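Visitor: I should like to learn how to read the interior of a protein model. Could you take me through one example?

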Amino acid sequence: NILGAICNLRDITEIRRLEKRLQSHERLAALGEMAASVAHEIRNPLGTIEGFARLLRRDLADMPAPLQLAERIVAGAQNLNYVITNLLTYARPMRLMTTDIPVATLFEYCRETLEDRASRANVSLTIEFPSPSMSLRCDHRQVMQALLNLGINAIEACQPSQTVHISATQRPASVILHIRDTGCGMPPDQVAKVFDPFFTTKEGGTGLGLSLTRKIIDMHGGDIAVASVPGEGTEFTIELAKKGVGE
Ligand SMILES: Nc1ncnc2c1ncn2[C@@H]1O[C@H](COP(=O)(O)OP(=O)(O)OP(=O)(O)O)[C@@H](O)[C@H]1O
Ligand SMILES: [Mg+2]
């Protein structure tokens, strides 16, 4: 005699859907890791190409035609390096390796790349080096990448003969880096979007430069701000604690 039956139904559609999402997430993460290691492998030979092209450029100083070709190799290698470094920083989880470093040394690391770009664009670049006693505890590679991103944007915002000025000031416990240009400037609705990943107004831009820069400054517990007037120019400021993260 059957007295009754219990029927237990469970809807597992949601579980299956989550499993599928997890799989595609894992695939994406694996792809990201692979891209990061390929990018890493590309950067070393790229550094060699840039280095030798610089030597070539030096040796060809009084031969305008071949000099121009060497100049193109340097510029191409620098561009590739910039894009790859940004992608790498984006793809990998960020870990800070902090050391004490004078702000002037940070500026010195960026000088050559920015001067090259400024001179190609006919933009007048001035870097005001602070005294060696002004120093900072930070991951200098990351902060240098942030400075390069801001410096390159500033140069790209300028017409020939406009100016970019990089300087540093300090407060008792922090250092403030200023990247100022007299370029095109931005209306408020554009300023509101500049830190969004993939926001770009440039043909061929990735739109990752500023979102990465902000990620780097956030990781350091610092602040980044922007003030801009259309037709007059833009100033980005970065404030970082002298003693580094969380101290
Ligand atoms: N100094 C500046 N003056 C005027 N506009 C700027 C300035 N800096 C950034 N922008 C605006 O913000 C946008 C986003 O900048 P971001 O550096 O993130 O990307 P991108 O420069 O367009 O591309 P990428 O950095 O990959 O070359 C730029 O496309 C530009 O419209
Ligand atoms: Mg940029």
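Guide: The following exchange goes from the overall fold to the core and then to the cavity. Please bear in mind throughout that this is a predicted model.

Visitor: What does the secondary structure of the protein come to?

Guide: One begins with the elements and their order. Here there are six helices and seven strands, and along the sequence they are arranged as α-α-β-α-β-β-α-β-β-α-α-β-β.

Visitor: How does the radius of gyration of the protein stand against that of a compact globule of 247 residues?

Guide: The general idea is to set the computed value beside a rule for globules. That rule would put a compact globule of 247 residues near 18 Å, whereas the protein has 24 Å. Along the principal axes, a box of roughly 105 × 50 × 40 Å is filled by the C-alpha atoms. As for burial, 38% of the 247 residues count as buried.

Visitor: Among contacts with a separation of 6 or more, what share comes from residues 24 or more positions apart?

Guide: Such pairs account for 74% of those contacts in the protein.

Visitor: Which residues touch the most other members of the largest nonpolar core?

Guide: In soluble globular proteins, nonpolar side chains tend to be buried together. The largest nonpolar core in this model has 42 residues, and Val103, Phe107, Leu114, Val164, Ile166, Leu177 and Ile238 touch the most other members. Elements that give two or more residues to this core include α3, β4 (163–170), β5 (174–181) and β7 (233–241). The most comes from α4, with eight residues. There is also a second, separate core of six residues, with Ala36, Ala39, Leu46 and Ala77 among them.

Visitor: With which residues is isoleucine 166 in contact, leaving aside its neighbours within four places in sequence?

Guide: A single residue can be read through its partners distant in sequence. For isoleucine 166 these are Phe107, Leu114, Leu125, Thr126, Ile127, Glu128, His178 and Ile179.

Visitor: How many cavities of 30 Å³ or more does the structure hold, and which residues line the largest cavity?

Guide: For a cavity, one reads the count, the volume and then the lining. The structure holds one cavity of 30 Å³ or more, and the space in the largest cavity is about 40 Å³. Its lining consists of Leu106, Phe107, Cys110, Arg111, Leu114, Ile127, Leu147 and Ile166. By class, seven of the lining residues are nonpolar, none is polar and one is charged. Helix α3 (residues 103–120) gives the most to this lining, with five residues.

Conventions. Residues are numbered from 1 along each chain as its sequence is written. Chains are lettered from A and ligands numbered from 1 in the order in which they are written. This is a predicted model: local features need pLDDT of at least 70, side-chain atom pairs count only at pLDDT 80 or more; totals for chains, interfaces and linings use all residues. Side-chain values use heavy atoms; hydrogens and water are left out. On a 1 Å grid over the protein atoms alone, a cavity is a set of points where a 1.4 Å probe fits but cannot get out, and a pocket is an open set with protein on both sides within 12 Å along at least five of seven lines; lining residues have an atom within 4 Å of a point. Grid points are joined across faces, edges and corners, and a volume is the space filled by probe spheres set on the points. Helices (H or I, at least four residues) and strands (E, at least two) are DSSP runs, numbered from the N terminus. Ala, Val, Leu, Ile, Met, Phe, Trp, Tyr, Cys and Pro count as nonpolar, Asp, Glu, Lys and Arg as charged, and the others, Gly among them, as polar. A nonpolar core is a set of buried Ala, Val, Leu, Ile, Met, Phe, Trp, Tyr and Cys residues joined through side-chain atoms within 4.5 Å. Buried means under 20% relative accessible area, exposed over 50%, partly exposed in between (1.4 Å probe, protein chains only). Contact means heavy atoms within 4.5 Å. The radius of gyration is taken over C-alpha atoms; the globule rule is 2.2 Å times the number of residues to the power 0.38.
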